[in-house]
Amino acid sequence: MSRSRVVVVLLTAVVAIGLVSTTLGRAIYEGQTPGLGSFAAIHFAGYLFFLLMPVEALVPVYQAEGHPGATLVLLAVVTAVAAQTIDYAIGHAASERAEEFIGEERYTRFKSMIDRWGGWAILFFNLFPLSSPNMLLASGILRYEPWKAFLFSTSGLAVKYIGIVFLYEATAPLFGAGP
């Protein structure tokens, strides 16, 4: 790994750790229930392609603190789409020089996936942690139609977060936690 990549990874980690520490960590340390503002801030940052964080894990944490699942789903989808708008815009702006940045092999792989599967690839990748910001970045690079990209992205995010909320509500009582 090159020195510049190590620096980027370390800076990203410092920003992510700092954000979580100053929001969620502070509330827990002070014995308070973490607020939805901290959820929104961390969640938004986690969907920026350059700050990859497994923010899906926040949903059960905030549900356990008493926040309604429907509110968390709505806030998760809205903040994710807001961050993905930035990801798409950066990809779109960098599309002329994309192969230089991400390499010909990666560019070809993303292009063939979008060419073959279109929006279904975006929906599928939005069902899993860490990959959806990259798909919206790639969609922007490939200049995939924005309304389609965001339709499939929002649909995938909604399915994912409804599933997480449902799974928590179904399993939390088994472990003595829950609503």
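Which helices are included in what covers the buried residues of H7? In this predicted model, the cover includes H4, H6, H8 and H9. The legends below begin with the whole chain and then turn to individual sites.

**Figure 1. Overall architecture of the predicted model, a protein with nine helices and zero strands.** Along the sequence, the elements follow the pattern α-α-α-α-α-α-α-α-α. The protein has 179 residues, of which 40% count as buried. Among contacts with a separation of 6 or more, 72% are made by residues 24 or more positions apart. The accessible surface amounts to about 10,100 Å², and carbon and sulfur atoms contribute 68% of this area.

**Figure 2. The largest nonpolar core of the protein, which comprises 36 residues.** Ile-122 and Tyr-161 have the most contacts inside this core. At least two core residues are supplied by each of H2, helix H3 (58-64), helix H4 (69-93), helix H6 (104-117), helix H7 (119-126), helix H8 (132-141) and helix H9 (146-171). H4 provides the largest share, with eight residues. In soluble globular proteins, nonpolar side chains tend to be buried together.

**Figure 3. Buried residues of helix H7 and the helices around them.** Gly-119, Ala-121, Ile-122, Leu-123 and Asn-126 are the buried residues shown in H7. Their cover includes H4, H6, H8 and H9. One of these buried residues, Ile-122, is also named with Tyr-161 for having the most contacts inside the largest nonpolar core.

**Figure 4. Surroundings of Tyr-161 and the polar contact between Glu-56 and Tyr-47.** When neighbours within four places in sequence are left aside, Tyr-161 is in contact with His-43, Tyr-47, Val-55, Glu-56, Val-59, Val-73, Ala-76 and Val-77. Among these partners, Glu-56 lies in the loop between H2 and H3. Glu-56 counts as buried because its relative accessibility is 7%, under the 20% limit. The side chains of Glu-56 and Tyr-47 are joined by a polar contact of 3.0 Å. Both Glu-56 and Tyr-47 thus appear among the contacts of Tyr-161.

**Figure 5. Phe-44 of helix H2 and its contacts with residues distant in sequence.** Phe-44 is found in H2, which spans residues 36-46. Its relative accessibility is 29%, so Phe-44 counts as partly exposed. Apart from residues up to four places away in sequence, Phe-44 touches Thr-79, Ala-82, Ala-83 and Ile-86. The C-alpha atoms of Phe-44 and Thr-79 are 4.9 Å apart, although the two residues are separated by 35 residues in sequence.

**Figure 6. A nonpolar surface patch formed by Phe-50, Ile-86 and Ile-90.** Together, the three residues of the patch present about 240 Å² of accessible area. Ile-86 lies in helix H4. With a relative accessible area of 36%, Ile-86 is partly exposed, because this value falls between the limits of 20% and 50%. Ile-86 also touches Phe-44, a residue of H2, and thereby connects this view with Figure 5.

**Figure 7. Thr-171 in helix H9 and its polar contact with Leu-167.** Thr-171 has its place in H9, the helix that covers residues 146-171. A polar atom of the Thr-171 side chain lies 2.8 Å from the backbone oxygen of Leu-167. Thr-171 counts as partly exposed because its relative accessibility is 27%.

Notes: Residues are numbered from 1 along each chain as its sequence is written. This is a predicted model: local features need pLDDT of at least 70, side-chain atom pairs count only at pLDDT 80 or more; totals for chains, interfaces and linings use all residues. Side-chain values use heavy atoms; hydrogens and water are left out. Helices (H or I, at least four residues) and strands (E, at least two) are DSSP runs, numbered from the N terminus. Buried means under 20% relative accessible area, exposed over 50%, partly exposed in between (1.4 Å probe, protein chains only). Contact means heavy atoms within 4.5 Å. A nonpolar core is a set of buried Ala, Val, Leu, Ile, Met, Phe, Trp, Tyr and Cys residues joined through side-chain atoms within 4.5 Å. Patches are made of residues with over 30% relative accessible area and no salt bridge: like charges are joined within 9 Å, nonpolar side chains (Val, Leu, Ile, Met, Phe, Trp, Tyr) within 5 Å. Accessible areas come from the Shrake-Rupley method with a 1.4 Å probe; for residues, only the protein chains shown count as cover. A salt bridge is a side-chain nitrogen of Lys or Arg within 4 Å of a carboxyl oxygen of Asp or Glu. A polar contact is a pair of N or O atoms within 3.5 Å; within protein, one must be able to donate a hydrogen and the other to accept it, and residues adjacent in sequence count only if both atoms are side-chain atoms.
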